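Biologist: I'd like a close look at one part of this structure, the place where the ligand sits. Once that's done, walk me through whatever else is worth a look.

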Amino acid sequence: MHSTATPTHCPYCALQCGMNLAEGGPHGVEVVERPGFPVNRGALCGKGRTAPAVLSSRVRLTEPLVRSPATGRLTPAPWEEALDLVGDALSRARAEHGADACGVFGGGGLTNEKAYALGKFARVALGTSQIDYNGRFCMSSAAAAGQRAFGLDRGLPFPLADIPRTGCVILVGSNLAETMPPALRYLTELRENGGTLIVVDPRRTRTAEQADLHLAPRPGTDLALALGLLHLVVADGRTDERYIEERTSGWEEARAAAMAHWPEHVERITGVSVPELREAAGMFCDADAAMVLTARGPEQQAKGTDTVGAWINLCLATGRAGRPLSGYGCLTGQGNGQGGREHGQKADQLPGYRKLTDPAARAHVAAVWGVDPGSLPGPGRSAYELLDALGGDVRTLLLMGSNPVVSAPRAGHVEERLRSLDFLAVADVVLSETARLADVVLPVTQWAEETGTVTNLEGRVLLRRRAVSAPPGVRSDLDVLHGLAARLGHGKGFPTDPEEVFEELRRASAGGPADYSGISYGRLREDDGAGLFWPCPAEGAGAGGAVEDGGRREGAGAGGAVGDGGRREGAAEGAPRGTPRLFLDRFATEDGRARFVPVVHRAAAEEPDAEYPVLLTTGRVLAQYQSGAQTRRVDELNSAAPGPFVELHPRLAARLGVGEDDPVAVVSRRGRAVAPARVTSAIRADTVFMPFHWPGEGRANTLTHPALDPVSRMPEFKVCAVRLEPVEEVRPVERS
Ligand code: SF4
């Protein structure tokens, strides 16, 4: 390792690859391999490798911007003036319209400390219920389904290292080869060890090409596919009756729902043939141990919770959950998508994954915050509903770490709502498409310039360490919240030191489902920073226990509040790390049993018709990340992925009369997007695909449907009806 290298983590996806940052290179700091970190063992994708370019980008914001009343333009202003303006706007909205006129919108990339501070800021300094975050658009359906079935949501209830040791993996709606390339090796090793891989995806992606069996269902029909597989498992007598009897409840209703989905019927719904269904069911049941892993494909639907529930039912019926090397897991997407949903920026949650509606949870957190439990507001609106309410009863918005103008569904409408606000304040590192609409823009620090914790997709809590100084004129999000809280009459309670915030977070989370009370910065620095898995209670503390000393009792139970999913495998391995594996003894439900939930297939919110005859599905590409606010500023990534495209089958292209790179208009009931055609037989002929990383004319989310899942409130990003039209020319995409 370089003598002055700092071990830290990538700023992007939920794998949170370990890397070292050393002085040098054109950006002042360069990425050096960190082979000792167990998740990625030194491997990085191009996004992580080039992340330092964003630190010194020429478009980096280094001073606050304030919209001039005279010119209407954003112009530089001193920090105190900018914070005064935001504080005044929030105070005015609250005084004139009530606390809920103030909205707060966070992000799944914020550290645990920032997410915690943002939730506290909303509920204590503003007193508003109107807070949610873009993580709602990421994994909320899997979280809701996990809560419903297991009583607890942690993306993966086992470490990634278990994957190569299982017998069969069904990977549903994930293109790991492009979204998390270093994780692909776990699937490669699975196959090298004799295991089998089934990939479910409407496209033959680079990941699907690795599979023993690729099933390509029509978008929006994964739920029916899972029910068809469960039907076959039951019909073939391959359920695990003893497991069902001993460890689950609700089987009869779920079984009856599955038996109504005959394979031939499922074939008509999904387009996946009965022989393919039989082959998949056989591969899954033949393995001694097996897993189902889902990602955005099944989750980003208006029936996402039920769809994930159907896959969980398949796992439960075959005894594949809460057993070694078996289980259901969600491949969370955003960098801190897991931690971001545990510590209070979600509309219905308090820190520690506590429920805002639970009187005991309110009392516990209110005591840590030094406020009356009755002063805490109740649950607010979900992300899309909050964005849709802007300019209505929500008059002023503070937004951190999100770019909904590109990433929200029905983005044209969301942009209109943002423009209709009385006041918009945005904290960001660059002038994102959303920041451009703001009245005040606050330039903030980013990953390598600040210290904080993140929780990766395995529930592994990690310390991201500061490696470089921030540019002069830039402040941290914690500084921003401190300054605004002081202006709202809360001069205390919003520290700017991340470790101080984390110490408070530990106390607030103690005894909750996501118990961090046994985790400290000191412990996170140990063992080459390999991290600790929550729940990780403090020494001597049962559920709800106080944090006294940073907690070294690795063998401790997870606390009755979560039903102790945790067999402490780490203790047996001699390297205690909290709770790497959940549910091995019991699930986190009241009776310790996993719950089957009966689910049935239903149509997408918008099915094709004569006017809009084609299905659109959206997703990601290797060289860009989410709304592209950071990655579109990196030359190497832009060269690899310069703009949006419309992927379509040769038969569809021929019907339209378009060839490779010809501009194509994709039109839905919400708007029109134009991008060059990419013609490939790797996609179904009834479906087109667009990546969603770009703004402007090629913005895929102009088209997407905002129908919401009734449980998770996840929008229907993955399926809507469109028509295609050839066009004369395509204008270049704006990149600055
Ligand atoms: Fe790893 Fe994800 Fe970063 Fe790529 S983007 S280096 S996969 S954490």
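Biologist: So, which residues is the ligand surrounded by?

Modeller: Keep in mind that this is a predicted model. Around the ligand you'll find C10, Y12, C13, L15, Q16 and C17, then L44, C45, K47 and G48, and finally M180 and P182. Sorted by class, that shell comes out as nine nonpolar residues, two polar and one charged.

Now for the open spaces. The second largest pocket holds about 300 Å³. It is lined by 18 residues, and E178, R206, V621, F645 and R678 are the ones closest to its centre. Its lining has a class mix of its own: eight nonpolar, three polar and seven charged residues.

R678 is a handy lead into the strands, since its number falls within strand 26, residues 671–679. Strand 26 has partners in both senses. With strand 24 (residues 646–648) the pairing is parallel, over three bridges, and there L648 sits opposite V679 of strand 26. With strand 25 (residues 663–668) the pairing is antiparallel, and six bridges hold the two together. One of the matched pairs there is V664 with A675 in strand 26. The turn from strand 25 to strand 26 is a hairpin through two residues. As background for all this pairing, strands of a sheet pair through backbone hydrogen bonds, parallel or antiparallel.

Then there are the enclosed spaces. The count is ten cavities of 30 Å³ or more, and the largest cavity contains about 660 Å³. Its lining runs to 39 residues, with G109, G401, S402, Y625 and Q630 nearest the centre. By class, the lining splits into 13 nonpolar, 19 polar and seven charged residues. Helix 5 (136–150), strand 17 (423–428) and strand 23 (614–619) each put at least two residues into it.

Strand 17 takes us from that cavity into an open sheet of seven strands, ordered 5-4-18-17-16-6-7, with mixed pairing. Strand 5 (74–76) and strand 7 (131–133) are the edges; each has a single partner strand, so one side of each has no neighbour in the sheet. From one strand to the next, the twist averages 20°. Look further along the order and you'll see strand 16 (residues 396–400) beside strand 6 (residues 102–106): they run parallel and are joined by four bridges. Within that pair, F105 has L399 in strand 16 as its bridge partner. Helix 4 (residues 112–126) lies across strand 6, strand 7 and strand 16, and makes an angle of about 170° with strand 6.

There's another open sheet to look at, with five strands in the order 10-9-8-12-13 and parallel pairing. At its edges are strand 10 (213–215) and strand 13 (327–330), each of which pairs on one side only. Neighbouring strands here are turned by 15° against each other on average, ignoring direction. Inside the order, strand 8 (residues 168–172) pairs with strand 9 (residues 196–200) over five bridges, in the parallel sense. L171 is the residue to pick out if you want to follow that pairing, as it stands opposite V199 in strand 9.

Two bits of backbone are worth zooming in on before you close the viewer. One is in the loop between helix 14 (304–317) and strand 13, where L325 sits. The phi of L325 is near 65°, a positive value in a residue that isn't glycine. The other is the cis peptide bond between W534 and P535, with omega at about -5°. You'll find P535 in the loop that runs between strand 21 (532–533) and helix 23 (569–573).

Key:
Residues numbered from 1 in each chain as written. Predicted model: local features only at pLDDT ≥ 70, side-chain atom pairs only at ≥ 80, totals over all residues. Heavy atoms only, no water. Near = heavy atom within 4 Å. Nonpolar A, V, L, I, M, F, W, Y, C, P; charged D, E, K, R; others polar. Pairing = 2+ DSSP bridges. Axes fitted to C-alpha atoms, helices over the stretch in contact; angles between N-to-C directions. Contact = heavy atoms within 4.5 Å. 1 Å grid on protein atoms, 1.4 Å probe; cavity = no way out; pocket = protein on both sides within 12 Å on 5 of 7 lines; lining within 4 Å. Points joined across faces, edges and corners; volume = space filled by probe spheres on them.
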